[in-house]
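Colleague: Please take a close look at one part of this model, the protein surface that faces the DNA. Go through it strand by strand, then place it in the wider assembly.

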Protein chains: 2
Amino acid sequence: MKLSKKSEYALRALLELTMAHGKTTLQRHEIAARQHIPVEFLEQILLALKRAGLLSSRRGMKGGYGLIKSPNEITLGQVIRILDGPLAPIGCVSKTAYEKCRECPYADNPQCPVQHVMGAVRDAISGILDHYTLADFAAGSHKQ
Amino acid sequence: MKLSKKSEYALRALLELTMAHGKTTLQRHEIAARQHIPVEFLEQILLALKRAGLLSSRRGMKGGYGLIKSPNEITLGQVIRILDGPLAPIGCVSKTAYEKCRECPYADNPQCPVQHVMGAVRDAISGILDHYTLADFAAGSHKQ
DNA sequence: GGATTCTTGATTAACACAGTCGGTAATAGA
DNA sequence: TCTATTACCGACTGTGTTAATCAAGAATCC
């Protein structure tokens, strides 16, 4: 039930990029310095976010990163899935990356008690993270 | 955001012990066979649950394991914490194992956006797992 | 052309996860 | 009392993940 450092750094980096959005772009080292993130590690995180289509970038002097979409079109759920994979605690209740549980006496039987409770947990997590946008995040509150 | 195999096996083992509760005790190999769990791995799980005060045990012939408390006094949250540690996605929002986040620009400032959203996630997870008892679990449904 | 910055890929050390193994201690039954 | 059975305990192992670090390449601006 743990969030990786990678995802945490990604959220903090996107926080900076959200605040800069519309005004300017930010360079790796600026983000790293403000959020105390190792710059080389941050680099691969920003690259992953770029490949996923969340960021644009520009090389050379005056280069840097910027959000492509509006901060209220990006949810924290999307971000965490990019870096940590599915939100579901167990493969057999994932909606974005379902995986049939092998070696379970209940197989893919929907009566499975584990599926029942973990499905509820998945829905609760997704209910928050998939409705919480970067705009909410930067504002520090969640307008539901 | 993932449940370990250890916790999953623990839940499945406790499912068997709940069904047997009041009638009989169960031996490692019975639980292992019914739930398809490697018996030596199951062993250390049962031992951990015993040390945590959830199970009683008896050695030798006619030995085995049994629940100490009533199934509606044990929650899935308790069980998962024993094997996987805190439910919170991040140390700085854990209620059972709080840890101040070092190297975060917001430190322990309650305005921290990460704390805000992850606190909500923690509460959602705990809201389910700390109110879901073994009795609910075995019945396959949750009476709120 | 040279400084700057992003881009890519490889590599690393430390740790956690999932499982295995060998030996010890208690209990029941013969 | 002997023996079979079962739980108990600690150490060990392989595999993969996490959290970086590093070196070299490619685009961009002055």
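**The DNA-facing surface**

Modeller: Five elements each supply at least two residues of the surface near DNA strand C: helix H3 (39-51), strand S1 (55-58) and strand S2 (64-67) of chain A, with helix H1 (5-20) and helix H3 (39-51) of chain B. Helices (H or I, at least four residues) and strands (E, at least two) are DSSP runs, numbered from the N terminus. This is a predicted model, in which local features need pLDDT of at least 70, side-chain atom pairs count only at pLDDT 80 or more, and totals for chains, interfaces and linings use all residues. Residues are numbered from 1 along each chain as its sequence is written, chains are lettered from A and ligands numbered from 1 in the order in which they are written, and side-chain values use heavy atoms, with hydrogens and water left out.

Stay with DNA strand C. Around it are 25 residues, of which A:Glu43, A:Lys50, A:Ser57, A:Gly60 and B:Arg58 come nearest. Near means that a heavy atom of the residue lies within 4 Å of the strand. By class, this surface has 7 nonpolar, 7 polar and 11 charged residues. Here Ala, Val, Leu, Ile, Met, Phe, Trp, Tyr, Cys and Pro count as nonpolar, Asp, Glu, Lys and Arg as charged, and the others, Gly among them, as polar. On the DNA side, 78% of the strand C atoms within 4 Å of the protein belong to sugar or phosphate, and the rest to bases.

Now the polar contacts (pairs of N or O atoms within 3.5 Å; within protein, one must be able to donate a hydrogen and the other to accept it, and residues adjacent in sequence count only if both atoms are side-chain atoms). A polar side-chain atom of B:Arg58 sits 2.4 Å from a phosphate oxygen of DNA strand C. For B:Lys62, the distance from a polar side-chain atom to a phosphate oxygen of that strand is 3.2 Å. A:Arg59 places a side-chain N or O atom 3.5 Å from a sugar or linking oxygen of DNA strand C.

B:Lys62 lies in the loop between strand S1 (55-58) and strand S2 (64-67) of chain B. It counts as exposed because its relative accessibility is 77%; the cut-offs are under 20% for buried, over 50% for exposed and partly exposed in between (1.4 Å probe, protein chains only).

Next, DNA strand D. Of the 26 residues around it, A:Arg58, B:Glu43, B:Lys50, B:Ser57 and B:Tyr65 come nearest. Sugar and phosphate make up 72% of the strand D atoms that come within 4 Å of the protein. A base is also reached: a polar side-chain atom of B:Glu43 is 2.6 Å from a base nitrogen of DNA strand D. B:Tyr65 has a polar side-chain atom 2.9 Å from a phosphate oxygen. A:Lys5 uses a backbone N or O atom, 3.0 Å from a phosphate oxygen of DNA strand D. H3(B) gives the most to this surface, with 4 residues. The classes here are 7 nonpolar, 7 polar and 12 charged.

Last, the assembly. Chain B can be laid on chain A with an RMSD of 0.1 Å, by a turn of 180 degrees and a shift of 0.0 Å along the axis. The two copies are therefore related as by a two-fold rotation axis. Superposition is by least squares on C-alpha atoms of residues with pLDDT of at least 70 in both copies. In chain B, B:Met1 comes closest to the rotation axis, at 1.9 Å (C-alpha).
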